[in-house]
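Here's a walk through one protein chain, from strand pairing to the core. Have the viewer open and follow along.

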Amino acid sequence: MQLAPITLFKSLSDPIRLSILLMLKAEGELCVCEFSEALDEVQPKISRNLALLKTAEIVVNRRQGQWIYYSINPNLPQWAQQVLNETYSANQALIATPLSKLNAVGDTQNRPMILCKK
């Protein structure tokens, strides 16, 4: 995979995309409704940002039933993984509130069923 540095840094410069990537570092994978609940943003806005991250090949997705789960692309170049790891390590406070919102909903397996039916 050939990821240009400008592509990664542009992605990290947007607050929603930065939060999405930090949350994925913390949780492994999440669906749109989980991001929407945690970040208090409408689903189309979350979906648009996830589409940009997917087009840049920073995230990948998988379908499970009616939900699509997103995760950080495991094939990112080492330098990009290192940037994301360092960014996550130094900025966990940025996602503390969103993650606590998710944890208040319930366990990871049941959250999409609860959140997507709201």
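## The strands

V59 sits across from I72 in β3. Keep in mind that this is a predicted model. That residue pair belongs to the pairing of strand β2 (residues 59-64) with β3, an antiparallel match held by six bridges. The two strands make a hairpin with two residues between them, and in the turn G65 takes a positive phi of about 65 degrees.

On to the other partner of β3: strand β1 (residues 29-31) pairs with β3 over three bridges, also in the antiparallel sense. Here C31 is the residue that stands opposite Y69 in β3. As for β3 itself (residues 67-72), five of its six residues are buried, so the strand is mostly covered.

## The cysteine question

How many disulfides does the structure hold? Zero. C31 is in none, and the nearest cysteine sulfur, that of C33, is 3.0 Å away. The cut-off for calling a disulfide here is two cysteine sulfur atoms within 2.5 Å, so this pair does not count.

Is C31 buried or exposed? Its relative accessibility is 1%, so C31 counts as buried.

## Salt bridges

The count comes to two salt bridges. One joins R62 and E29, with the closest N and O atoms 2.5 Å apart. This pair ties together distant parts of the chain: R62 lies in strand β2 and E29 in strand β1, 33 residues apart. R62 counts as partly exposed because its relative accessibility is 34%, and E29 gets that label at 29%.

The other is between the side chains of K45 and E41, at 3.6 Å from N to O. K45 is partly exposed, with a relative accessible area of 30%, and E41 is partly exposed too, at 25%. The general idea is simple enough: side chains of opposite charge can pair when their charged atoms come close.

## Two faces of α1

Now for a helix. In α1 (residues 5-13), the buried residues are L8, S11 and L12. Why do they end up on the same side of α1? They cover an arc of only 95 degrees around the axis, which puts them there. The general background is that an α-helix has 3.6 residues a turn, so residues three or four places apart point the same way.

Look at the face turned away from that buried side and you'll find the exposed residues I6, K10 and S13. And what covers the buried residues of α1? The cover includes α2 (15-27), α4 (43-55) and α5 (78-90).

## The nonpolar core

The largest nonpolar core has 35 residues, and I20, L21, M23 and F35 touch the most other members. Plenty of elements chip in: α1, α2, β1, α3 (32-39), α4, β3, α5 and α6 (96-105) each supply at least two residues. The largest share, seven residues, comes from α2.

M23 is a good one to click on. Leaving out residues up to four places away in sequence, M23 touches G28, L30, F35, A38, L39, I95, P98, L99 and L102. One of these contacts, F35, is itself among the residues that touch the most other core members.

Terms used:
Residues numbered from 1 in each chain as written. Predicted model: local features only at pLDDT ≥ 70, side-chain atom pairs only at ≥ 80, totals over all residues. Heavy atoms only, no water. Buried < 20%, exposed > 50% of the residue type's maximum accessible area, 1.4 Å probe, protein only. Helix = DSSP H or I, 4+ residues; strand = E, 2+ residues; numbered from the N terminus. Arc of directions from axis to C-beta. Contact = heavy atoms within 4.5 Å. Pairing = 2+ DSSP bridges. Salt bridge = Lys/Arg side-chain N within 4 Å of Asp/Glu carboxyl O. Core = buried A, V, L, I, M, F, W, Y, C linked by side-chain atoms within 4.5 Å.
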